[in-house]
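I opened this entry to record how the helices pack and which side chains take part. The notes follow the order in which I looked things up.

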Amino acid sequence: MKKVSPDVTPEMAARIKRYLLNNMAQHEIAAMFKINQGRVSEIKTGKKFGDVAPIAGA
């Protein structure tokens, strides 16, 4: 049975963008959200959720 990553929501994307701004490694972010590192890369490059702003805060 193939392991499936959970769907990334706009709220998750906003948090991921914040972590990326704080220079957290993509593989660490992926592990934290239990998603494929490719999803983090798509968010970083704007391929997915390009219209979502990073969440405010630390």
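The entries below go through the helix pairs, then the middle helix, then one glutamate.

Entry 1, source. I am working from a predicted model.

Entry 2, α1 and α2. I looked up the geometry of helix α1, residues 10–21, against helix α2, residues 26–33. Their packing angle is about 150°, and the axes lie 10 Å apart. Because an angle over 145 counts as roughly antiparallel, I note α1 as roughly antiparallel to α2. The crossing of α1 past α2 is right-handed.

I then listed the contact residues. From α1 I have M12, R15, I16, Y19 and L20, and these meet Q26, I29, M32 and F33 of α2. By class, the residues in this contact of α1 with α2 split into 7 nonpolar, 1 polar and 1 charged.

Entry 3, α2 and α3. Next I took α2 with helix α3, which spans residues 37–45. Here the angle is about 115° and the axes are 8 Å apart. I record the passage of α2 by α3 as a right-handed crossing. On the α2 side the contact uses Q26, H27, I29 and A30, and on the α3 side Q37, V40, S41 and K44. I sorted the residues of the contact of α2 with α3 into 3 nonpolar, 4 polar and 1 charged.

Entry 4, the faces of α2. Which residues of α2 are buried? I find I29, A30 and F33. They span an arc of only 100° around the axis, so they sit on the same side of α2. What do these buried residues pack against? Their partners are α1 and α3. I checked the other side of α2 as well, where H27 and A31 are exposed. I29 thus appears in my list for the α1 contact, in my list for the α3 contact and among the buried residues of α2.

Entry 5, after α2. The residue that follows α2 is K34, and I note a positive phi for K34, near 55°.

Entry 6, E42. I located E42 in helix α3. Is E42 buried or exposed? Its relative accessible area is 15%, and since buried means under 20%, I enter E42 as buried. I also asked which residues E42 contacts once its neighbours within four places in sequence are left aside. The contacts of E42 are then K47 and K48.

Key: Residues numbered from 1 in each chain as written. Predicted model: local features only at pLDDT ≥ 70, side-chain atom pairs only at ≥ 80, totals over all residues. Heavy atoms only, no water. Axes fitted to C-alpha atoms, helices over the stretch in contact; angles between N-to-C directions. Parallel < 35°, antiparallel > 145°, perpendicular 65-115°, else oblique. Left-handed = near helix turned anticlockwise from the far one by under 90°. Contact = heavy atoms within 4.5 Å. Nonpolar A, V, L, I, M, F, W, Y, C, P; charged D, E, K, R; others polar. Buried < 20%, exposed > 50% of the residue type's maximum accessible area, 1.4 Å probe, protein only. Arc of directions from axis to C-beta.
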